[in-house]
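Work through the exercises below with the model open. Each task is followed by a solution in steps.

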Amino acid sequence: MTLLSVNLNKIAVLRNSRGGTEPDILQAAHTCIEAGCGGITVHPRPDLRHVRPDDVRALAAMLRGKVEFNIEGNPFAPPRGAYPGLVALAREARPAQVTLVPDSDGQITSDHGFDLTAEGDRLRPLVSELRDLGCRVSLFVDAGAQGFERAVAIGVERIEIYTGPYAEAFAEGDARIALAACADTARNAQRAGLAVNAGHDLNQANLGGFKAAIPGLAEVSIGHALIGEALYDGLAPTVRRYLQILR
């Protein structure tokens, strides 16, 4: 079965909007795990607008031996204040997976993937360091990306397909072209020896069709839609509904 990793960034956004400790990100993680999810994802950023380094450290201690921990972020973003940098956080937390994403402070959310051909040389030493820490490395890529053999050569083990355009096309009523682009990208990556993850704007409505089109889909990381749906239906029932779709 495709692993469901629940992204908890929106829990941190709600907490930070008021200050203090509520809602509790550790309790949210515990609830998702009890409901059956196979992983927890966070995406700390240097501006600390949602998940913070202390959250990463606390989650790492809580999740060890329970479910996979996936930390996303830009490996080229320098340390700033309480943010020590992505590789430094991985060195402390030792997550199962680190997903490298080329985002910046100016982006509301991740909206594009790496150019593997252009960025390979810059990524190589960082991928090597993360692999030495025992982390599986995944690269966030656009549908239609090229250069997967290059990714394998520098030590990358997975890609995460950016599914925002697919979700937008689905909402507009015709996702055939966008879905075909994702499926072609997945096949090309798998032929090169990479496993395939996916994420961004996936929800209960569009997830089933996406999974059916991507044989061997290893993992989906879902946060914004899942947390939004949970406001109405509850966190544990919402996680269980996603798991039913993935089965």
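Contact here means heavy atoms within 4.5 Å. The model is a predicted one.

**Exercise 1. Find which residues of helix H7 are buried, and which elements they pack against.**

Step 1. Helix H7 covers residues 164-172, and its buried residues are Gly164, Tyr166, Ala167 and Ala169. The cut-off for buried is a relative accessible area under 20%.

Step 2. Listing the contacts of these buried residues by element gives strand S6 (158-162), H8 and helix H9 (207-213).

Step 3. Just after H7 comes Gly173, with a positive phi of about 110°.

**Exercise 2. Decide whether helix H4 is largely enclosed or largely open, and describe what follows it.**

Step 1. Name the buried residues of H4: Leu86, Val87, Ala88, Leu89, Ala90 and Ala93.

Step 2. Set them against the length of the helix. H4 (residues 86-93) has eight residues and six of them are buried, so the helix is largely enclosed by the rest of the structure.

Step 3. Identify the surroundings. The buried residues of H4 pack against helix H3 (53-63), strand S3 (68-73), strand S4 (97-100) and helix H5 (116-132).

Step 4. Go on to Arg94, in the loop between H4 and S4. Its phi is near 50°, a positive value in a residue other than glycine. Most residues other than glycine have a negative phi. Arg94 counts as partly exposed because its relative accessible area is 46%.

**Exercise 3. Compare the setting of Arg94 with that of His200: where is His200, and is it buried or exposed?**

Step 1. His200 sits in the loop between strand S7 (195-199) and H9.

Step 2. Its phi is positive, near 125°, and the residue is not a glycine.

Step 3. The relative accessible area of His200 is 15%, so this residue is buried, whereas Arg94, at 46%, is partly exposed.

**Exercise 4. Describe the largest nonpolar core and the surroundings of Leu100.**

Step 1. The largest nonpolar core holds 79 residues, and Leu4, Leu100 and Val239 have the most contacts inside it. Helix H8 (residues 176-192) gives the largest share of this core, seven residues.

Step 2. In soluble globular proteins, nonpolar side chains tend to be buried together.

Step 3. Take Leu100 and leave aside neighbours within four places in sequence. Its contacts include Leu86, Phe114, Leu123, Val127, Leu130 and Phe140. Gly73, Pro75 and Ser138 are also among them.

**Exercise 5. Account for the surroundings of Thr2, starting from its accessibility.**

Step 1. Thr2 lies in the segment before strand S1 (3-7). Its relative accessibility is 0%, so Thr2 counts as buried.

Step 2. Look for polar partners. The side chain of Thr2 makes a polar contact of 2.9 Å with the side chain of Lys211. A polar atom of the Thr2 side chain is also 2.8 Å from the backbone oxygen of Leu217.

Step 3. Complete the list of contacts. Leaving aside neighbours within four places in sequence, Thr2 is in contact with Lys211, Leu217, Ala218, Glu219, Val220 and Leu246.

**Exercise 6. Determine which residues line the second largest pocket, and which helices supply them.**

Step 1. The pocket encloses about 160 Å³ of space.

Step 2. Its lining is made up of Lys10, Ile11, Val13, Leu14, Pro23, His224, Ile227, Gly228 and Leu231. By class these are six nonpolar, two polar and one charged residues.

Step 3. Helix H1 (9-18) and helix H10 (224-233) each supply at least two of the lining residues.

Step 4. Pro23, also in the lining, belongs to the loop between H1 and helix H2 (25-35). The peptide bond joining Glu22 and Pro23 is cis, with omega about -5°. Most peptide bonds are trans.

Step 5. Turn to the buried side of H10. Ala225, Leu226, Ile227, Glu229 and Ala230 are buried, and the buried residues of this helix pack against S1, H1, strand S8 (219-222) and helix H11 (235-246). Ile227 is thus named both in the lining and among the buried residues of H10.

Terms used:
Residues are numbered from 1 along each chain as its sequence is written. This is a predicted model: local features need pLDDT of at least 70, side-chain atom pairs count only at pLDDT 80 or more; totals for chains, interfaces and linings use all residues. Side-chain values use heavy atoms; hydrogens and water are left out. A nonpolar core is a set of buried Ala, Val, Leu, Ile, Met, Phe, Trp, Tyr and Cys residues joined through side-chain atoms within 4.5 Å. Buried means under 20% relative accessible area, exposed over 50%, partly exposed in between (1.4 Å probe, protein chains only). Helices (H or I, at least four residues) and strands (E, at least two) are DSSP runs, numbered from the N terminus. A polar contact is a pair of N or O atoms within 3.5 Å; within protein, one must be able to donate a hydrogen and the other to accept it, and residues adjacent in sequence count only if both atoms are side-chain atoms. On a 1 Å grid over the protein atoms alone, a cavity is a set of points where a 1.4 Å probe fits but cannot get out, and a pocket is an open set with protein on both sides within 12 Å along at least five of seven lines; lining residues have an atom within 4 Å of a point. Grid points are joined across faces, edges and corners, and a volume is the space filled by probe spheres set on the points. Ala, Val, Leu, Ile, Met, Phe, Trp, Tyr, Cys and Pro count as nonpolar, Asp, Glu, Lys and Arg as charged, and the others, Gly among them, as polar.
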